[in-house]
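Q: I would like to learn how to read helix packing, salt bridges and burial from a model. Could you take me through some cases?

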Amino acid sequence: MNADAFFALADHLNAELHGAEILFSNLSNESSDFVRLNRNRVRQAGHVGATALDLTLIEGSKQVEGGCDLSGDPTEDQVRARRLLARLRERLAHVPDDPYLSYSAEPSESDRRSDARLPPAAEAIGALIESADGMDLVGIWASGEIAEGLASSIGHRHWHASASFNLDWSCYLEADKAVKSAYSGFDWDPAILRAKLEAMREGLHIMSRPARILEPGRYRAYLAPSAVGELMGMLAWGGFDLKSHRTHQTPLLKMTRGKRSFDPRIGIHEEHDRGLAPRFTAEGFPTPPRVALVEGGRFAGCLVDARSGKEYGEPVNAASDAPGSLGLDAGTLDVADVAGQLDTGLWIGNLWYCNWSDPNDCRVTGMTRFGTYWVEAGEIVAPVKVMRFDDSLYHLLGDRLEGLTRERELLLSAETYDGRSTDSALLPGVLVSGIDLTL
Amino acid sequence: MQHLCDIAERFLSQAPACDYWTLRLVEEEHDHLEVRQGVVEPSRLTYTSGAMVTLVKDGGIGYGATSDLSAAGLRAAAERAAGWARVHARLGLFEAGIYPRSSTRADYRTPVEEPWSTLPIGEKLDILQAANDALAIDDRIVDWSAWLARRRVSQLLITSDGGRVSQVLDYVHPGLVAVANAGSQTQRRHGGGSDGSQQGGLERIVAVCLLEEAPRVAEEALALLDAPECPTDTRDLVLLPSQMVLQIHESIGHPLELDRILGDERNYAGTSFVTPGMFGRYRYGSELLNVTFDPTVPMELVSGVADDEGAPAVREYLIRRGILERPLGGALSQARAGLPGTANTRASSWDRPPIDRMGNINLEPGEGSLADLIAQVERGILMDTNRSWSIDDSRNKFQFGCELGRLIEDGELKGLVRNPGYRGISASFWRSLDGVGGPESLEIRGVCNCGKGEPNQSVYVGHATPPCLFRDVAVFGGGE
């Protein structure tokens with residue numbers, strides 16, 4: 001569904017409103033090719049065309065929400081949307097006033113469309129399989145257009161559309177000896193793909209050496225940006241949202257109370273202006289360019305969605321309570337010097353399956369996974385059998401932080417649970433004097 | 001269901017010319033009601049509907065999914081699927097000829113005693129307000145909620161071989177949470193059915209004691225604030241069904257998924273420490289360990305008549321007397337691996353192709369009560385309600401945390417401990433199983449957020465289990 005069709009549908013619904021009713025219409029649209037690969041062959045390949053409409057019907061201080069899928073046919077979609085609107089209207093009569101109802105009463109408009117140079121998905125897959133000949137490659141290709149729209153009876157009209165590709169894959173040597181890579185963006189360049197595959201071949205060469213089995217204990221370590229991304233993902237889980245802070249559930253509770261802090265070099269921001277997500281919320285609020293979450297290692301602010309903002313009296317600065325465009329400030333370490341600075345310890349390429357071990361102390365557990373090596377005297381010498389860590393971020397980003405890399409990597413989420421994600425993170429690598437391995 | 005039948009007729013009138021096709025039509029209705037801190041949260045009604053067309057054509061397999069259920073929309077989806085079948089024919093991992101065909105004809109409908117529509121929304125909100133009020137027993141309760149969620153999934157699968165499987169699954173999920181805080185210590189306690197989902201209607205509200213549970217949930221959250229940390233030690237461990245669900249899920253269910261063993265999931269959900277050669281001989285656990293794939297248990301989350309490729313649902317032993325018997329693999333994976341399997345090929349909705357998933361994975365009961373298990377412990381910990389889960393990509397090294405722990409000394413339950421956790425290795429952990437509760441202690445539960453697959457899919461998974469006793473497990477508490 002394109003912008004014109006969506007706004008026409010919204011106009012049709014707005015014309016159906018009764019009395020003082022207010023309607024917010026939000027659209028999510030994707031036309032995606034998905035190709036799963038295993039052993040450098042196609043495992044599953046298909047296309048998904050999906051369009052979903054969300055409505056919020058408001059009258060006075062009452063509101064109800066609903067959603068339905070759309071077909072793309074204007075007549076049929078009007079029927080579906082009107083049926084949903086009627087159901088919401090029926091329900092609105094039975095719900096009480098909502099003291100935290102919050103929406104923008106200021107009409108606003110925006111239109112952001114990103115250009116892209118995407119190859120036909122089948123062509124890209126053919127090139128990938130040819131380039132990776134001889135490798136045990138497994139992963140997922142996702143490509144196509146995604147769009148989000150907002151229209152309201154107040155006068156909001158926003159459209160955000162982009163076409164992109166996201167190739168997320170790993171190459172295996174045997175069992176759990178593997179290296180991982182990702183290539184995503186808007187302009188497909190086969191040369192970049194070939195370069196990444198070449199780097200993976202070099203990684204697999206190291207993987208062919210006998211794996212080092214570590215005993216539980218504390219080890220010096222370098223966490224590559226992808227591994228840092230997993231830790232940031234944990235902080236995104238209740239770390240920054242206003243409701244978690246006001247109800248004392250945030251894993252940064254001790255930080256907010258001044259009892260603990262990160263290293264002064266740690267700065268974490270929600271970078272709306274850098275990210276790929278829409279710059280408007282479902283309730284019609286614009287998002288600011290940047291929200292400071294941690295500055296100088298100390299708590300700086302929260303992400304405030306419309307509902308929490310009303311409940312706790314804070315201005316809205318985000319569409320949801322989890323970051324979608326997170327950035328961790330760069331440091332001064334050159335990536336080329338990291339192995340030397342590490343000297344002897346773990347080079348952790350990726351972490352996996354993190355969870356809170358004890359959120360009261362910001363303690364996280366998880367596993368090492370792809371591309372994790374043992375380094376001696378500044379040289380990568382062997383892969384490492386997967387190990388479990390269990391440690392507090394107050395240590396890893398605090399008293400045991402030795403440095404952050406000058407270079408940062410832009411990581412585009414490959415997640416597709418609720419359609420193709422627009423989340424991204426811009427992250428450096430992190431050198432720590434110790435990480436606790438437990439199993 | 002008649003609506004889906006009409007759409008199926010639309011498709012049949014223009015069925016694509018190919019070796020084999022399936023059309024899977026899915027409609028879902030969701031409703032969510034919640035009262036938090038005495039305030040009714042915005043209710044949310046959602047309706048989704050779409051079709052997944054699978055084609056086997058010209059030596060390849062392709063998928064096309066669409067929310068456009070018109071004749072033109074279905075035709076376009078079939079054409080997309082045919083295009084991808086051509087790619088698969090050229091670059092596919094396996095021959096399309098092994099794709100399973102189904103002529104199964106079966107129907108299933110959740111037996112619902114009290115349909116969702118029989119109680120007006122105002123009365124549902126009254127129940128939630130009452131439950132919510134009952135959680136607010138102390139100023140240290142800093143957040144509290146009660147909710148009711150309803151989901152109905154109507155699915156019709158038809159195939160070019162004459163297969164026709166219709167299934168209508170109804171769920172009502174009640175739940176409670178209380179959050180307590182004192183100083184820098186925050187504790188959460190869930191209850192009221194929040195982690196004990198089953199199929200059914202509004203009768204679930206009474207079954208899970210939504211109202212009656214509220215004071216206990218809040219009191220335990222408060223009590224945990226003042227409880228000592230769980231000791232760091234090696235002790236015997238009694239896991240209640242509320243945690244056994246997770247233990248079974250992560251360290252039996254996932255490692256036995258045949259697509260993981262075949263390598264499909266290595267880039268995302270991971271592989272498995274289980275290899276094809278282990279089936280029929282590998283000692284997975286002690287003699288007390290009996291695990292079934294059982295889609296026949298009344299009201300369990302994934303009970304039904306067939307999987308999403310039309311394979312008839314049949315109960316099978318996965319592990320018997322501790323010996324690994326068969327993997328969780330649907331017909332396609334069985335053909336790829338040359339192993340027996342189960343009818344467990346499932347998709348999260350109309351917009352994803354089916355893959356190997358857990359269905360109902362149950363630990364069969366042994367003998368005796370929970371008290372009998374506790375009586376066998378000289379020095380141990382009892383753990384209740386999962387709150388943290390992490391396991392390696394081979395599903396071996398795990399660490400799990402629970403909301404509540406209790407010390408066990410000389411066969412008796414003692415005081416609470418907070419932030420209890422334990423870690424182990426799947427390959428050895430189940431061999432330390434030394435007690436399995438009897439049928440009277442069995443609880444039918446499950447998880448509603450099992451994630452897997454590329455593109456990602458989240459599905460419901462059922463787990464029925466009694467409490468169990470494990471010997472000499474590494475346990476620990478909170479703190480930096």
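A: Gladly! Please keep in mind that this is a predicted model. Let us begin with a pair of helices in chain B: the axes of α3(B), residues 121-135, and α5(B), residues 210-226, come within 8 Å and cross at roughly 20°.

Q: What is the general way to describe two packed helices?

A: In general, one gives the angle between their axes and the distance between the axes. Angles under 35 degrees count as roughly parallel, so α3(B) and α5(B) are roughly parallel to each other. Their crossing is right-handed.

Q: Which residues of α3(B) and α5(B) meet?

A: From α3(B) come Ile127(B), Leu128(B), Ala130(B), Ala131(B), Ala134(B) and Leu135(B). They meet Leu210(B), Leu211(B), Ala214(B), Pro215(B), Val217(B) and Ala218(B) of α5(B). Sorted by class, this contact has 12 nonpolar residues, with no polar and no charged ones.

Q: How do α1(A) and α2(A) pack?

A: Helix α1(A), residues 3-14, and helix α2(A), residues 74-92, pack at an angle of about 40°, and their axes are 10 Å apart. These two helices are therefore oblique to each other. The crossing of α1(A) and α2(A) is right-handed. On the α1(A) side, Leu9(A), His12(A) and Leu13(A) take part, meeting Asp77(A), Gln78(A), Ala81(A), Arg82(A) and Leu85(A) in α2(A). The contact of α1(A) with α2(A) divides into 4 nonpolar, 2 polar and 2 charged residues.

Q: Let us turn to charges. How many salt bridges does the structure hold?

A: The general idea is that side chains of opposite charge can pair when their charged atoms come close. Over all chains, the structure holds 67 salt bridges. One of them joins Arg43(A) to Asp264(B), with the closest N and O atoms 2.8 Å apart. This pair crosses between chains: Arg43(A) sits in strand β2 of chain A (residues 41-59), and Asp264(B) in the loop between α7 (258-261) and β10 (291-293) of chain B.

Q: Is Arg43(A) buried or exposed, and what about Asp264(B)?

A: Buried means under 20% relative accessible area. Arg43(A), at 6% relative accessibility, therefore counts as buried. Asp264(B) is buried too, with a relative accessible area of 1%.

Q: Which parts of chain B does the pair of Arg418(B) and Glu229(B) tie together?

A: The closest N and O atoms of this salt bridge are 2.9 Å apart. Arg418(B) lies in the loop between β18 (412-417) and β19 (421-425), and Glu229(B) in the loop between α5 and β9 (233-239), so the pair ties together parts that are 189 residues apart in sequence. Arg418(B) is buried at a relative accessible area of 15%, whereas Glu229(B) is partly exposed at 28%.

Q: Which residues do shared salt-bridge partners join into one network?

A: Arg189(B), Glu213(B), Arg216(B), Glu220(B), Asp384(B) and Glu403(B) are joined this way. As a further pair to look up, Glu257(B) forms a salt bridge with Arg260(B), their closest N and O atoms being 3.9 Å apart; both residues are buried.

Q: To finish with a single residue, where does Ser348(B) lie, and what does Ser348(B) touch?

A: Ser348(B) lies in the loop between β13 (345-346) and β14 (355-356) of chain B. At 14% relative accessibility, Ser348(B) counts as buried. Not counting residues up to four places away in sequence, Ser348(B) touches Glu28(B), Arg151(B), Gln457(B), Ser458(B) and Val459(B).

Methods: Residues are numbered from 1 along each chain as its sequence is written. Chains are lettered from A and ligands numbered from 1 in the order in which they are written. This is a predicted model: local features need pLDDT of at least 70, side-chain atom pairs count only at pLDDT 80 or more; totals for chains, interfaces and linings use all residues. Side-chain values use heavy atoms; hydrogens and water are left out. Axes are lines fitted to C-alpha atoms, for helices over the stretch in contact, and angles run from 0 to 180 degrees between N-to-C directions. Helices (H or I, at least four residues) and strands (E, at least two) are DSSP runs, numbered from the N terminus. Angles under 35 degrees count as roughly parallel, over 145 as roughly antiparallel, 65 to 115 as roughly perpendicular and the rest as oblique. A crossing is left-handed if the near helix is turned anticlockwise from the far one by less than a right angle, and right-handed if clockwise. Contact means heavy atoms within 4.5 Å. Ala, Val, Leu, Ile, Met, Phe, Trp, Tyr, Cys and Pro count as nonpolar, Asp, Glu, Lys and Arg as charged, and the others, Gly among them, as polar. A salt bridge is a side-chain nitrogen of Lys or Arg within 4 Å of a carboxyl oxygen of Asp or Glu. Buried means under 20% relative accessible area, exposed over 50%, partly exposed in between (1.4 Å probe, protein chains only).
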